[in-house]
Amino acid sequence: MTLVDEMTRSSYEKDTAKTDPMELVSKSQEFSEQPNDPRKTETNEPKITSRYVGLMLCCLCYSFLMGYQMLTVSGYLLLKKDFPGEIRWKERLVGVTSGAAMLGSIVCGQLSDKIGRKKTILLSGALHIIGSILQTTGVYYTLPGRIFVSLAFGLSSVAVPVYLAESSPSKQRGYAMVLNQSALIFGLFFSVLLAAALSYIKHESWRYLMGFALIPSVIQFVGFIWLPESPRYLLQKGKLDEVEKEMSSLLVTSNTEEIKIRQDLSGGLEKTSMFHVWKRIVKTPCVWRALLICCSLHIIAQLSGINVVMFYSGIFLKSQIKDDSIALWLSSIPIFANFLFSFVGLYLIERIGRRKLLFFSTLGVIITLFFMGMVYLRIENQSYPVTVFEDVANTSHCIKHRSCLDCVSDQQCGFCYVNEPSLEVINGSCLPVNQEMPSVATGRCNISSSGNQNSILTWSHSICPSNLIFWILVGQVLYIACFASGLGSLPWTICAEVYPMWARSQCNGIVVGVMWLCSWLLTGNFLTLSQQITSYGSYFLMSCITLVGLTFWYVYLPETKGKKLEETEALFSKPFCFCCKGDKEKQPL
């Protein structure tokens, strides 16, 4: 049997390969004791050190920075009032995030195997610093800066979870991964809060929003310089002395004899080319099965509409509320719910297991998506009529529309109406939009043209006004509560622990690349999709897609709770339909 074949076999079949190298401390203590030593009855758990705490804090800082940078562009477009009106420029600024991040994540798999997890993360930190400086410099440097930041997204979204999982004991790994996701969500929340606070500053407040990212960028870059390389990566490269040194700095002690055994099994893999790694992945059923399931986790998580709810909720609120500052404050409510309920997942992940938590979380997402679809259906059924016909509309095809729904469904038209204190909508008219800046009203809704500074006229170019805004917020909060408690963090947790070491970086790079691709496809085309099948139809569609994913996971996804990284490979070594055959080792729901 060749070395490659030996590594392909399940490591749990060998007594010498059962021990997690991050928990070898317990073995060294056991060997040093006498057979009748009463201390042997105590739990042999590895204890973390202050350096591991520092490692965890730096990883959390990275995730906070990533979350913060994701939403700064939304606040930037709102705060910079004199932003050039070209719609294509704005679309590039928003759309470049997913494209560059996808490229960075695909490259990261090979890069982190070649230069190491730590150096890859440091490279990501350098890109964050450069991008933050460019974004703060000026309007036409924002797009290049966004490209640098998005490339950093791709690198860190692969390297940080892998580095954290490889450096954590199995008992703490689930907590570490969920806490890492919570830090990202807090970055999203903080970004919206800061944008709302800065909206009261009238002069170049966008520079403070973009420039703040420099602070965590520098902190995490400097912090990672003093952190160790991943012990498992060093083990893969055969650097035994460094493995023991770095592992001892993260845990209490280590066992050299056990490390040598694993080093013998993993030796020589550092010279394997990317082509041979992928050839081996295809020929190893347990790996491509795990890869397929992990891709499904991230695909369904994105197609369930999390980014749609997060990003487009602000558009809905701003269409109902005149004050941009109030709209920003209100849009922070769903994001705060995302942050708050991520700690529910942190509490439950090691108590009820991955499968149960994912099942109940996804079921809640399906129900709340259906609920929001029903609310949007009610909104569109109460569409207000067009009763006022203005001269400015006579030369456009907007004059033919007779309801608010028909009007806003046309990208070239917007709805102008009188918003009574009783929340009733009267005197509605359908007018052509400003093609450069659709949010700027035309006709009588344009204050500068009407001269009425106290006008209660309201302009909407994307959605019809409704008194059901409260129920939309309720639906968003419930949806995000269900998503954040499981479906938001579990794909990252599971995908960081189901691959063997030789395939971990390559597979995670592909999985995260697929995630960014799905994110771009949905968020970049959601408005078009809503126009084709209506808003409520879009939510019903996302609910059905998520239901398909839940059914697939119920049949094929095994439980990884409490499994060492070296043992999870065995979970996918059986036929792909093993979960539906009543396998007794499967953790039931």
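How many of the seven residues of strand E1 are buried? Hello everyone, let me start there. Six of the seven are buried, so E1 is largely enclosed by the rest of the structure. Please keep in mind throughout that this is a predicted model.

Let's stay with E1 for a moment. Its partner is strand E3, residues 457-460, and the two run antiparallel, paired over four bridges. If you want one position to find on screen, look for Tyr 417, which stands opposite Thr 458 of E3. As a reminder, side chains in a regular strand alternate between the two faces of the sheet.

Now, E1 also brings us to the cysteines. How many disulfides does a search of the whole structure find? The search gives two. As you all know, a disulfide is a covalent bond between the sulfur atoms of two cysteines.

The one that involves E1 is Cys 398 with Cys 413, where the sulfur atoms sit 1.9 Å apart. The angle about the S-S bond is -95°, which makes this link left-handed. Cys 398 is in the loop between helix H17 (354-381) and helix H18 (404-409), while Cys 413 belongs to strand E1 (residues 413-419), so the bond ties together parts that are 15 residues apart in sequence. Are these two cysteines buried or exposed? Cys 398 has a relative accessibility of 1% and therefore counts as buried. Cys 413 comes out at 0%, so it counts as buried too.

The other disulfide is Cys 407 to Cys 430, with 2.2 Å from S to S. Here the angle about the S-S bond is 90°, and the link is right-handed. This pair connects distant parts of the chain: Cys 407 is in helix H18 and Cys 430 is in strand E2 (residues 425-432), 23 residues apart. Cys 407 and Cys 430 are both buried.

While we are on cysteines, here are two more. Cys 482 is partly exposed, with a relative accessible area of 21%. The cut-off for buried is under 20%, so Cys 482 falls outside that class. Cys 495, by contrast, is buried at 1%.

Let's move to charges. How many salt bridges are there by the rule used here? The count comes to two. Arg 117 takes part in one with Asp 113, at 2.9 Å from N to O. Arg 117 also forms a salt bridge with Glu 166, and there the closest N and O atoms are 2.8 Å apart. That second pair spans distant parts of the chain, with Glu 166 in helix H6 (residues 142-167) and Arg 117 in helix H5 (residues 117-137), 49 residues apart. Put together, Asp 113, Arg 117 and Glu 166 are linked in a network of salt bridges.

Where do these side chains stand in terms of accessibility? Asp 113 is buried, with a relative accessible area of 11%. Arg 117 is buried at 1%, and Glu 166 is buried as well.

The next residue along, Lys 118, is also in helix H5. Its relative accessible area is 17%, so with the cut-off at under 20% it is buried. Setting aside neighbours within four places in sequence, Lys 118 is in contact with Phe 224, Ile 225, Leu 227, Pro 228 and Glu 229.

Back in helix H6, have a look at Ser 157. At 3% relative accessibility, Ser 157 counts as buried. A polar atom of its side chain lies 3.1 Å from the backbone oxygen of Gly 154. Not counting residues up to four places away in sequence, Ser 157 touches Met 66, Ser 105, Trp 492, Val 512 and Trp 516.

Two more helices, and then I'm done. Helix H14 has 19 residues (285-303), which at 1.5 Å a residue should span 27 Å, and its end C-alpha atoms are indeed 27 Å apart. Of those 19 residues, 14 are buried, so H14 is largely enclosed by the rest of the structure. After H14 comes Gly 305, with a positive phi near 95°.

Finally, helix H23 has 22 residues (535-556). The expected span is 32 Å, and the end C-alpha atoms are 32 Å apart, which agrees. Its buried residues include Tyr 539, Met 542, Thr 546, Leu 550 and Trp 553. An α-helix has 3.6 residues a turn, so residues three or four places apart point the same way. Thanks, everyone!

Key. Residues numbered from 1 in each chain as written. Predicted model: local features only at pLDDT ≥ 70, side-chain atom pairs only at ≥ 80, totals over all residues. Heavy atoms only, no water. Expected span 1.5 Å × (residues − 1). Buried < 20%, exposed > 50% of the residue type's maximum accessible area, 1.4 Å probe, protein only. Disulfide = S-S within 2.5 Å. Pairing = 2+ DSSP bridges. Salt bridge = Lys/Arg side-chain N within 4 Å of Asp/Glu carboxyl O. Contact = heavy atoms within 4.5 Å. Polar contact = N/O pair within 3.5 Å; in protein donor to acceptor, adjacent residues only side chain to side chain.
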